[in-house]
Amino acid sequence: MCGIVGYIGYEQAAPLLLSSLEKLEYRGYDSAGVCLNDGENLVVKKAKGQLKVLKELTNDGKTLKGTVGIGHTRWATHGEPSDVNAHPHLSDSERFAVVHNGIIENYIQLKEHLSAKGVAFRSKTDTEVIAQLIEYYYKGNLVDTVIKVLSKLEGSYALGVISKDNPDEIIAVRKESPLIIGLGENENYIASDVTAILAKTRKIYRLENNEIAIIKRDGVKVVDTDKEEIAKEVEIVNWDISAAEKGGYEHFMFKEIMEQPKAIRDTVAPRIKDGRVVLDEIKLTDEQLKGFNKINILACGSAYHVGVVAKYVFEKVLRKPVEVDLASEFRYRDPIIDDKTLTVVISQSGETADTKEAMKEAQRRGSHVISIVNVVGSAIATESDDVIYTWAGPEIAVATTKAYSTQLAVIYLMAIYFGDKLGTISGEDYQMYISELEQLPEKITKILENKENIQYLASQNFNSRDVFFIGRNIDYALSLEGSLKLKEISYIHSEAYAAGELKHGTISLIEQGTLVIALATHEALLGKIISNIEEVQTRGANVIGVACENHPEISNVTQSTIFLPQTCDMLLPSLAVIPLQLFAYYVASLKGCDIDKPRNLAKSVTVE
Ligand code: G6P
């Protein structure tokens with residue numbers, strides 16, 4: 001949560017900082033700010049609201065002088081979104097400025113301590129204590145001071161610090177929150193994520209926990225907390241810059257929906273060689289694999305919904321019990337897991353705080369962790385025992401689409417690969433799964449080509465007050481994602497229900513015209529879901545069905561039906577999720593919602 005940037009070079013810093021911040025708005029967008037050293041003073045400009053407010057206020061940064069500066073886009077944790085609580089934060093006498101991503105857990109004690117010494121605070125944030133502590137301990141050397149201050153801080157942070165007295169230096173630090181250094185020619189950058197600096201450089205250092213970077217125009221030195229220099233390796237980022245641009249689409253979300261065939265192909269194709277699934281990244285021996293008596297899946301949000309699909313898939317194909325946990329719940333329930341449990345952690349960003357901590361808890365208890373992550377080099381990717389990357393490319397829209405789809409694809413690859421090793425999958429099924437998996441991109445393209453049908457259904461239903469998504473088995477797992485997609489971007493109340501469960505209470509909410517989206521792809525339970533659809537129909541519901549094209553009979557019980565190409569049951573969520581994403585998108589668009597930046601949300605949730 002929150003995005004931070006910094007620039008030091010010979011160009012005017014503010015316009016660069018603002019355009020870098022634009023790429024980080026997915027991390028938070030309730031307020032933004034920049035601070036420049038203009039040669040005499042630290043000049044701060046901050047504004048509540050999305051970055052565009054600050055851009056207007058400063059004529060895209062052109063009104064702000066200085067060739068060194070830091071910037072921030074915020075998702076409020078401590079102190080409501082406001083000009084004063086926006087970062088950067090200045091110390092009392094305005095000699096130091098700080099931007100921060102993370103949480104300082106002991107800020108109240110630190111604030112009390114400094115207040116008792118007469119330090120005046122301006123904001124309600126935890127971050128301001130860092131700026132004030134730097135001033136309090138400063139004896140002429142900023143690096144020494146920052147190191148001293150770090151020893152006082154508890155919590156997580158990525159920090160950028162500049163000072164009034166030294167316009168030739170930015171200090172950057174990382175602990176638990178991500179931070180990279182962009183390396184240019186006579187100019188250098190800091191940023192929470194590579195997308196922010198891709199337009200300027202592809203060479204980066206990735207800071208590790210407790211590393212401190214001293215960034216000057218002509219070079220970067222990284223030291224540890226004893227000021228011992230650390231030899232960092234330059235990483236070359238090969239992301240296509242257009243991947244982080246809208247490329248003519250009105251919204252990132254729509255662009256990312258349309259990119260799904262490619263994202264799935266990029267994720268699957270390199271892992272199928274000569275008709276066999278090859279997951280070189282998994283270091284487990286066959287013996288270890290056979291020794292597991294349980295699979296434990298940990299994730300948050302949509303990644304958790306992938307986990308729920310995975311439960312059905314793994315149990316069916318691998319014949320091992322699977323538990324899926326919300327990462328935020330797992331840690332605190334004294335889970336029963338040990339070295340006989342295989343843990344699978346799913347995360348697009350690789351930095352979700354709850355997921356990361358849950359993973360560590362599983363590791364502490366002896367479990368082997370395989371992570372499924374999109375962001376290369378992120379904390380979960382580097383700290384898990386094995387990582388399988390999804391090759392979705394950067395996902396910018398807060399509501400995930402292509403990351404969800406590629407995570408599902410990896411689940412299928414794992415099921416086929418492990419099923420073969422465990423001997424729980426027949427040779428015939430093995431071939432069939434691979435062939436169907438390879439055909440997914442084409443079939444998704446076919447669904448996307450018919451998007452106008454979904455747009456029409458959205459136009460008929462965008463005024464709904466409540467929507468219910470129902471399904472059975474793997475369709476129920478998918479309904480969780482359909483419902484979340486709709487509510488997070490359109491603000492329509494929606495719920496996902498296992499279709500058989502509706503009659504135990506929730507059916508009392510169905511009235512004349514209530515929209516029910518019934519997922520009816522799971523062939524074995526078609527008769528059952530048809531009965532459930534009839535139950536809501538009888539009570540006045542307006543039903544949109546989602547079914548395979550070989551089951552046209554679903555139309556007999558629905559007002560409208562979205563038909564999907566056929567594939568095997570296990571893979572159907574990959575097809576059925578597409579109309580659900582499009583439906584949510586079109587509804588939100590018709591309601592005039594801010595699709596890429598829904599209210600109150602952030603894409604990367606680095607607080608617990
Ligand atoms: C946020 C995002 C979701 C995502 C969830 C978990 O809520 O908006 O799209 O599913 O975080 O994030 P992760 O990066 O761990 O997948």
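**Exercise 1. Find out whether Ser464 is buried or exposed, and what its side chain reaches.**

Step 1. Ser464 has a relative accessibility of 17%, so it counts as buried. Buried means under 20% relative accessible area, exposed over 50%, and partly exposed in between (1.4 Å probe, protein chains only).

Step 2. Locate Ser464. It sits in the loop between helix H15 (451–461) and strand S22 (466–471). Helices (H or I, at least four residues) and strands (E, at least two) are DSSP runs, numbered from the N terminus.

Step 3. Look for a partner. A polar side-chain atom of Ser464 is 2.7 Å from the backbone oxygen of Asn461.

The model is predicted: local features need pLDDT of at least 70, side-chain atom pairs count only at pLDDT 80 or more, and totals for chains, interfaces and linings use all residues. Residues are numbered from 1 along each chain as its sequence is written, and side-chain values use heavy atoms, leaving out hydrogens and water.

**Exercise 2. Describe the loop that holds Ser177 and Glu176.**

Step 1. Ser177 belongs to the loop between strand S8 (170–175) and strand S9 (180–183). Glu176 lies in the loop between S8 and S9.

Step 2. Check the cover. Ser177 is buried, at 1% relative accessible area.

Step 3. Check the side chain. That of Ser177 reaches the backbone oxygen of Asn101 at 3.2 Å.

Step 4. Check the backbone. Glu176 is not a glycine, and its phi is positive, near 70°.

**Exercise 3. Find what is unusual in the backbone at Pro88 and at Glu94.**

Step 1. Recall the background. Most residues other than glycine have a negative phi, and most peptide bonds are trans.

Step 2. His87 and Pro88 are joined by a cis peptide bond, with omega about 0°. Pro88 is in the loop between strand S4 (68–74) and strand S5 (89–90).

Step 3. Glu94 has a positive phi of about 65° without being a glycine. Its loop runs between S5 and strand S6 (96–104). Glu94 is partly exposed, at 38% relative accessible area.

**Exercise 4. List the polar contacts of the ligand with Ser302, Ser349 and Thr352.**

Step 1. Use the cut-off. A polar contact is a pair of N or O atoms within 3.5 Å; within protein, one must be able to donate a hydrogen and the other to accept it, and residues adjacent in sequence count only if both atoms are side-chain atoms.

Step 2. A polar backbone atom of Ser302 is 2.9 Å from a ligand oxygen. For a side-chain N or O atom of Ser349, the distance to a ligand oxygen is 2.6 Å. A polar side-chain atom of Thr352 lies 2.4 Å from an oxygen of the ligand.
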